[in-house]
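Got your viewer open and a coffee within reach? Let's take a walk through this one, stop by stop.

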Amino acid sequence: MVDDDWNYEPVPSSAQRLYRMCWQLETWLRTIVYVELRAARIDWESPIQKHVNDWPPRSLASDKRLHHMATPHQAALSYLTFGQLWSVIADRANWPLFEPYFPPKNNTDARIEEVKAIRNRIAHFREPHQNDVDRLALFVRDLDPGIRRFCSRYTTGKVPKDAAADLVSAELEANWEHNGYGIELMRPNGWLYAPDPHRMQPLMNARLAMLSHKQYERGSTAGVVYALNIHGKRDRLDTVGFFESTRKLHGHIIHIMLSCMLNELTVTIPAIYGPAATADLIFKFLEAGLNCSRGSSWRPVIRDQLEWPEYVLWPDHLLTFYCDDIQQSVLDTD
């Protein structure tokens, strides 16, 4: 006789745990590849295409064909297989960008082969090996400090030692009187106050942080990202209007990060385009922020009703609120 409290569970608990770890691992690897290639190269997709036979991947077209159930994913990078993704990272030409976030390469290469085997078992609904959970959990725990280093690299602003280390700030200062109307901007190396008639009484506040890679070279823009935080004076910023009014510029940025505060958001802009072009992008986003913080129109940001692309990070994404004071593990192995 069957116990009334008995419940049949067709999915092994080990498979559920493995799937959770694989999901975290692959999404973080994809994020790291996206950020570092965008920051290092104008033709950032070229190193990816090298490792993909069909570009864009056929899975992208297949997914979008079913337009009635399309997801926000638009970048071809989101449709790489795990093997293709790792090939991009492990490529000798790209490895210096990713080296700070991984154990030694020879060790990581060998362990990635095991991860691929585990991932394939789960993806194709095969029974896991008895040691798969422990094996993958150990790799994920070893990788966690590197993910934290990446989060810090992408969120913690650096203070340049001299003007030559922050060429974009010099461009902003040189053109501030003409382009800084109503805005007070805190830069990595000092303030730019709103020109008259709004000096000391700005219509909008903004902060600019300089985010640099470990391999950063003084005077170079390769690997440098500027995080522009826009903070409206009103209780609400028209985030939907900001997104729509800047849509033509989105091909030149990395992320738009939404905040739990309704009057705040952050745009990350790679400096690889050069000081003048990067400063021009910053000015355009500042202007859009000012326009969207002054008007009376406001539309609610309802996540399930907005088909925004994957480069929009919502307030619950770790990168939108990460700081070095967070001590918890980024990757969950439980």
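Below is a route through a strand, a helix, two empty spaces and some salt bridges. One thing before setting off: this is a predicted model.

**Stop 1: a strand with neighbours**

Select residues 255–258, which make up strand β5. Is each face of β5 covered or open? Both are covered: H255 and M257 sit on one side, I256 and L258 on the other, and all four are buried.

Now bring in residues 264–270, strand β6, which pairs with β5 in the antiparallel sense over 4 bridges. The link from β5 to β6 is a hairpin of 5 residues. Then add residues 312–313, strand β7, which runs parallel to β5 and is joined to it by 2 bridges. Keep M257 highlighted: T266 in β6 stands opposite M257, and so does L313 in β7.

**Stop 2: the pocket**

Next, show the second largest pocket, which holds about 440 Å³ of space. Its lining has 22 residues, and the ones closest to the centre are R207, N229, E264, T266 and T320. You've met T266 already, opposite M257.

Which elements give two or more residues to this lining? Colour α7 (132–155), β1 (183–187), β3 (204–211), β4 (225–232), β5, β6 and α12 (318–321). The top contributor is β3, with 4 residues. By class, the lining splits into 13 nonpolar, 6 polar and 3 charged residues.

**Stop 3: a closed space**

How many cavities of 30 Å³ or more are there? The count is 1. The largest cavity has a volume of about 60 Å³. To find it, select A165, L167, S220, T221 and Y226, which lie nearest its centre among the 13 lining residues. That lining is made of 9 nonpolar, 3 polar and 1 charged residues.

**Stop 4: helix α4**

Jump to residues 82–90, helix α4, and show the side chains of F82, L85, W86, V88, I89 and A90, its buried residues. What covers them? The cover includes α1 (13–40), α2 (46–49), α5 (95–98) and α6 (105–123). Leave α1 and α6 switched on for the next stop.

**Stop 5: salt bridges**

The salt bridge count comes to 15; here are a few to click on.

- Start with R119 and E26, whose side chains meet at 2.7 Å, N to O. R119 belongs to helix α6 and E26 to helix α1, so this pair links distant parts of the chain, 93 residues apart. E26 is buried at 10% relative accessible area, while R119 is partly exposed at 24%.
- Go on to D109 and K105, a salt bridge of 2.8 Å, N to O. Both residues lie in helix α6, 4 residues apart, or about one turn of the helix. Residues three or four places apart in an α-helix point the same way, because there are 3.6 residues a turn. D109 is partly exposed, with a relative accessible area of 25%, and K105 is partly exposed too, at 26%.
- Finish with R135 and E114, where the closest N and O atoms are 3.6 Å apart. R135 is in helix α7 and E114 in helix α6, so the salt bridge ties together parts 21 residues apart in sequence. R135 counts as partly exposed at 33%, as does E114 at 38%. Add R121 and D132 to your selection: shared salt-bridge partners join E114, R121, D132 and R135 into one network.

Conventions: Residues are numbered from 1 along each chain as its sequence is written. This is a predicted model: local features need pLDDT of at least 70, side-chain atom pairs count only at pLDDT 80 or more; totals for chains, interfaces and linings use all residues. Side-chain values use heavy atoms; hydrogens and water are left out. Buried means under 20% relative accessible area, exposed over 50%, partly exposed in between (1.4 Å probe, protein chains only). Two strands pair if DSSP finds at least two bridges between them. Contact means heavy atoms within 4.5 Å. On a 1 Å grid over the protein atoms alone, a cavity is a set of points where a 1.4 Å probe fits but cannot get out, and a pocket is an open set with protein on both sides within 12 Å along at least five of seven lines; lining residues have an atom within 4 Å of a point. Grid points are joined across faces, edges and corners, and a volume is the space filled by probe spheres set on the points. Ala, Val, Leu, Ile, Met, Phe, Trp, Tyr, Cys and Pro count as nonpolar, Asp, Glu, Lys and Arg as charged, and the others, Gly among them, as polar. A salt bridge is a side-chain nitrogen of Lys or Arg within 4 Å of a carboxyl oxygen of Asp or Glu.
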